[in-house]
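Welcome! Please take a moment to look at the sequence and the 3D view, and then read the short briefing that follows.

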Amino acid sequence: MNPVTPVSPINSIYILGIESSCDDTSAAVLRNGVLLSNVTASQAVHESYGGVVPELASRAHQQNMVPVVDQAIKKAGITKEQLSAVAFTRGPGLMGSLLVGVSFAKGFARSLGIPMIDVNHLQGHVMAHFIKECDDDHSAPPFPFLCLLVSGGNSQIVQVNAYNDMQVLGQTIDDAAGEAIDKCSKVMGLGYPGGPIIDRLARQGNPCAFKFSEPHIPGLDYSFSGLKTSFLYNLRKWVEENPDFIEQNKEDLAASLEHTIVSILMKKLKFAVKETGIKHVAVAGGVSANNGLRNAFYEYQKKYGWTIYIPKFSYTTDNAAMIGITGYYKFLDHDFCSIDKPAFSKVTFR
Ligand code: KG4
């Protein structure tokens with residue numbers, strides 16, 4: 001059993017959030033749901049490998065965890081004894097990475113005699129919309145709303161009925177949107193992660209220069225593996241004909257790839273709005289930093305009368321502020337976790 005000692009008066013709930021599901025070690029402190037600090041150490045070590053190397057990621061988390069947490073607490077201007085609970089990402093993610101954050105969070109909470117709160121990483125991304133930087137921030141979406149959750153590991157349409165009530169309406173049956181972007185960027189010989197590079201190049205290219213196949217999947221599910229293969233095969237053919245093809249066309253290739261992915265994402269989202277009648281629509285996850293996707297949201301807002309919610313860039317990719325805010329609402333529900341709950345790697349929304 002987890003020792004649950006109410007340590008704070010109700011008007012000062014301090015939550016420490018910890019995120020370590022992939023290659024970012026992040027810690028954040030919130031007071032009564034308002035963000036006081038959010039510190040992230042990213043891992044440049046993976047760049048030369050063109051993708052995250054799990055073993056290197058967990059080693060880097062080991063090195064970064066204590067200094068990052070220490071900095072987050074200091075930046076928040078509190079002491080660790082003032083914390084009310086420790087919220088941490090329990091999954092999904094890379095097991096070796098998760099184990100570092102989960103073990104640290106459990107040990108830290110135990111040593112302070114405060115509750116631990118487990119957070120689902122995917123729900124954390126959606127909850128990024130409730131991060132407040134000051135008391136009078138009222139920009140959060142009202143319930144119910146739809147959230148397009150697009151990251152390196154997932155692409156989902158989620159109906160959010162309450163802080164603790166989310167339903168997945170559709171999701172990818174193979175690759176995630178971010179994964180497809182990263183892999184296409186890799187075959188073009190660009191750096192890692194590909195998302196920001198494709199985004200930058202796409203701003204200077206023609207989105208209609210090349211056509212790539214779009215999937216025909218029923219319902220609200222997504223698929224991106226066909227697009228990835230079509231991109232790869234076409235590219236091989238063009239490079240055979242002209243070895244300088246990528247260098248001469250990288251802006252147009254990036255713009256056309258981005259255009260196809262945004263089109264796939266938005267068509268299903270539009271269908272979800274029609275099916276549910278919910279016109280409050282949010283976007284979350286690393287790919288929500290993409291300018292083409294953000295522009296499509298603005299366009300749909302104008303065209304279809306949606307009310308849209310787009311997170312600040314700093315809360316799109318993995319961060320502990322989103323874990324902290326999820327933890328805060330679970331704290332209010334007394335939804336704590338026992339010490340024997342293990343990390344999990346598989347994608348689940350529970
Ligand atoms: O949410 P996230 O940080 O990690 C996961 O939970 O997966 O998302 C990472 C993904 C990567 O695939 C990365 O390439 C993509 O988000 N990404 C972008 C952009 N910034 C990050 N994709 C497109 N455009 C961007 N500006």
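**Three strands and some cysteines**

In E2, Gly17 has Ala28 as its bridge partner. Keep in mind that this is a predicted model. Strand E2 is a good place to begin, and the cysteines come after it.

**How E1 meets E2**
- Strand E1 covers residues 14-19, and 6 bridges join E1 to E2.
- E1 and E2 run antiparallel.
- To get from E1 to E2, the chain passes through a hairpin of 4 residues.

**How E2 meets E3**
- Strand E3 spans residues 34-42 and pairs with E2 over 8 bridges, again in the antiparallel sense.
- One pair to find in your view is Ser26 and its bridge partner in E3, Thr40.
- E2 and E3 also form a hairpin, this one with 2 residues between them.
- Look for Asn32 in that turn, where phi is positive, at about 50 degrees.

**How covered E2 is**
- Strand E2 runs over residues 24-31, and 7 of its 8 residues are buried.
- E2 is therefore described as mostly covered, since a residue counts as buried when its relative accessible area is under 20%.

**The cysteines**
- How many disulfides does a search of the whole structure find? The search finds 0.
- Cys184 is in no disulfide: the nearest cysteine sulfur belongs to Cys208 and is 18 Å away, whereas a disulfide needs two cysteine sulfur atoms within 2.5 Å.
- Is Cys184 buried or exposed? Cys184 counts as buried, because its relative accessibility is 1%.
- Cys134 is partly exposed, because its relative accessible area is 34%.

Notes: Residues numbered from 1 in each chain as written. Predicted model: local features only at pLDDT ≥ 70, side-chain atom pairs only at ≥ 80, totals over all residues. Heavy atoms only, no water. Buried < 20%, exposed > 50% of the residue type's maximum accessible area, 1.4 Å probe, protein only. Pairing = 2+ DSSP bridges.
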